[in-house]
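Me: I'd like to learn how to read a protein model by eye. Could you walk me through one, feature by feature?

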Amino acid sequence: MAFTGLAYIVPLAVILAGFALLNGRTVSADVPFQYFDWTVSYANIAPLGVNKQVIVINNQFPGPELETVTNNIISVNVHNNLDEPFLITWHGIQQRRTSWQDGVQGTNCPILPGQNWTYAFQAKDQIGSFFYYPSLLLQRLAGGYGGIRVLNRDVIAVPFAPPTDDFTLLISDFYNRNHRDLRTSLDAGVLLGQPDGVVVNGRGPYQTVFTVQPGATYRFRISNVGMQMTLNFRIQNHRMLLVETEGSYTLQEYYETLDIHVGQSYSVLVTADQSPASFHIVASSRFTDPVITGIAFLQYANSATAPSTSGPLPDGPSPMDYNYSLNQAKSIRWNLTAGAARPNPQGSFHYGTINVSRTIQLQSTAPIIGGKQRFAVNNVSFIYPDTPLKLADYFQLNDVFTLGGIPDSPAVVSPPRYGTPVIDAINKAFIQIIFQNTENVIQTWHVDGYAFFVVGMDSGVWDSTQQSTYNLNDAVARSTTQVQVYPYSWTAVLMELDNVGMWNMRCEDGVRRYLGQELYMRVRDLDDPAQSQDPMPANELLCGAACRTGSYSCEPPIEYIANKNTLLDPMQSILCTPLIFLLLMDFVGHS
């Protein structure tokens, strides 16, 4: 197995000591450890024929693939060579007990230009296909993303035969304009408009080729890492057998095309069962006019025909056919008999028999506040303070966020307003969340730290009578991932709160999130709070009011280009580095 970006092999005793110190947790010596060293910088490319500055990791665009195995410990030392702050979020990795490592603005201080910081987390009880991306300052528009694959342990059976090879396809809408210019437009209340194109693995049309052997079967892990657009994925003359989505094995069904909404990931098996030739792989925009298309090739190794830009593309669904997409989403079910990260079948967790203790209804709105376009949840448009909410909660700082600052129901009418709301939730509760879409656009939502069961979706306005239509048997569990909410429709999810921390809940449309359509949920343990999550890491970056607690001191202020949604002054930061961590990093640096 090749671990892309693996930089150092460090004695296990030293590694485990460092990890235990960073996270305050004892780990077994037989747990595999992977250390990655990533440098984030700029490069210039022109995938659509126009030169653009993009964000690369180790000079790669997209960045290195992070391949790991269930329960492995992962350490990623990120060097920020950009001219603005940077954070990576590990989209779909649940960060069990370690919301300190989540990599979003509400949990972490940014890695400032010229500095580095080491993430340390475990792929605890997870398998599947995910990705990472920059979480600050619309940097996702410039790249900095890459695939994550979490493989099964050898002792856990996979519910399909091993494929001949395993390909990652990162599909994305793409803007030729610099992400700073696009950020300036949004700050002025001007939306971005139509992207300039669609890229496949960072390349423009006809620039990516996947070579296959006749008769062989391949796994394709497809993630929509883009900013706004739903993309329909299809391979000319080849059916796709859906086998996994974001950490759950699915009931195996064939699809001619798949709608992949922003932030979603799917695994399909494709068999090269056609006469040798070159076939088009297409990712085309949905619900847009005009349709924009990204194109790659599936090339048979023994074909006498080279890939060609001529010839018709395979047909997709009608661009504005929402029912096609809705029915497809309803058709994706959980494989009840397959094991995933653990040997017991997925279906052994009978989520449909658990009583719901709380219902939270989140309604999206698009208000004008202060003369500018904003987006909101239950009429609250989120803005960030200068202190991450996780740190504010840890240091018990007042006036940073508002617990209960968003009502559980949009029926509680209030005028649109700015705020920093946090839902207060209790560990071991079993809750229902209703995502209500009152607008004529499709939306996808993501909850960090969790998997949830997508039990229902339909048009109209949700009420309690809709619960009789829920799938309480084999609804797919999407691991810390998205739920598609169709125009003027609702989607219901069930979620067991079993991961203490401060967790981001966000609209995956990057524009809407940047302009306020997100919030946080604090899950706390009333019985044993000290043991329910790892303590603050020893290398934690501090900033904002956390620097003014009296227990810690910070370096002099370092100004930077702040997120325009930040209310207060530029952050300050410090790296706390106990001696053993310094020794560990010194050993790694000289190995």
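Reply: Let's go through confidence, overall make-up, empty spaces and backbone oddities in turn.

Me: What is the mean pLDDT of the protein chain?

Reply: Keep in mind that this is a predicted model. Its protein chain has a mean pLDDT of 87, with 86% of the residues at 70 or more. Residues 1–14 fall below 50, and that stretch has 32 contacts in the model beyond near neighbours in sequence. Residues 555–591 also stay under 50, and there the model has 86 contacts beyond four places in sequence.

Me: Okay, overall make-up next. How many helices and strands are there in the protein chain?

Reply: You'll find six helices and 37 strands. Of the 591 residues, 61% count as buried. The accessible surface comes to about 21400 Å², and carbon and sulfur atoms hold 51% of that.

Me: And what share of the contacts with a separation of 6 or more is between residues 24 or more positions apart?

Reply: That share is 79%. For a single pair, take V69 and L151: they sit 82 residues apart in sequence, yet their C-alpha atoms are 4.6 Å apart in space. V69 belongs to strand β3, residues 66–69.

Me: Is V69 buried or exposed?

Reply: Buried means under 20% relative accessible area. V69 has 14%, so V69 is buried.

Me: Now the holes. How does one find empty space in a model?

Reply: Rolling a probe the size of a water molecule over the atoms shows where empty space is left. Here, a search of the whole structure turns up six cavities of 30 Å³ or more. The largest cavity holds about 210 Å³ of space.

Me: Which residues lie nearest the centre of the largest cavity?

Reply: Those are S135, L138, G510, R513 and Y514, out of 20 lining residues. Two or more lining residues come from each of β7 (128–134), β34 (501–507) and α5 (510–514). The top contributor is α5, with three residues. By class, the lining has nine nonpolar, six polar and five charged residues.

Me: What about the largest pocket: how much space lies in it?

Reply: About 780 Å³. The pocket has 28 lining residues, with Q94, D125, W334, A451 and D498 closest to its centre. Strands β30 (451–459), β31 (477–479) and β33 (489–496) each supply at least two residues of this lining. Sorted by class, the lining is 12 nonpolar, nine polar and seven charged.

Me: Last topic, the backbone. What's the usual pattern?

Reply: Most residues other than glycine have a negative phi, and most peptide bonds are trans. In this model, the bond joining F61 and P62 is cis, with omega about -5 degrees. P62 is in the loop between β2 (52–57) and β3. The bond from D289 to P290 is cis too, with omega near 5 degrees, and P290 is in the loop between β18 (278–285) and β19 (293–300).

Me: And which phi value does N59 have?

Reply: N59 isn't a glycine, yet its phi is positive, about 65 degrees. You'll see N59 in the loop between β2 and β3, and it is exposed, with a relative accessible area of 67%.

Me: Where does D125, from the pocket list, lie?

Reply: D125 is in the loop between β6 (116–122) and β7. D125 has a positive phi of about 55 degrees, again without being a glycine. With a relative accessible area of 27%, D125 is partly exposed.

Notes: Residues numbered from 1 in each chain as written. Predicted model: local features only at pLDDT ≥ 70, side-chain atom pairs only at ≥ 80, totals over all residues. Heavy atoms only, no water. pLDDT = per-residue confidence, 0-100. Contact = heavy atoms within 4.5 Å. Helix = DSSP H or I, 4+ residues; strand = E, 2+ residues; numbered from the N terminus. Buried < 20%, exposed > 50% of the residue type's maximum accessible area, 1.4 Å probe, protein only. Areas by Shrake-Rupley, 256 points an atom, 1.4 Å probe, with all protein chains shown as cover. 1 Å grid on protein atoms, 1.4 Å probe; cavity = no way out; pocket = protein on both sides within 12 Å on 5 of 7 lines; lining within 4 Å. Points joined across faces, edges and corners; volume = space filled by probe spheres on them. Nonpolar A, V, L, I, M, F, W, Y, C, P; charged D, E, K, R; others polar.
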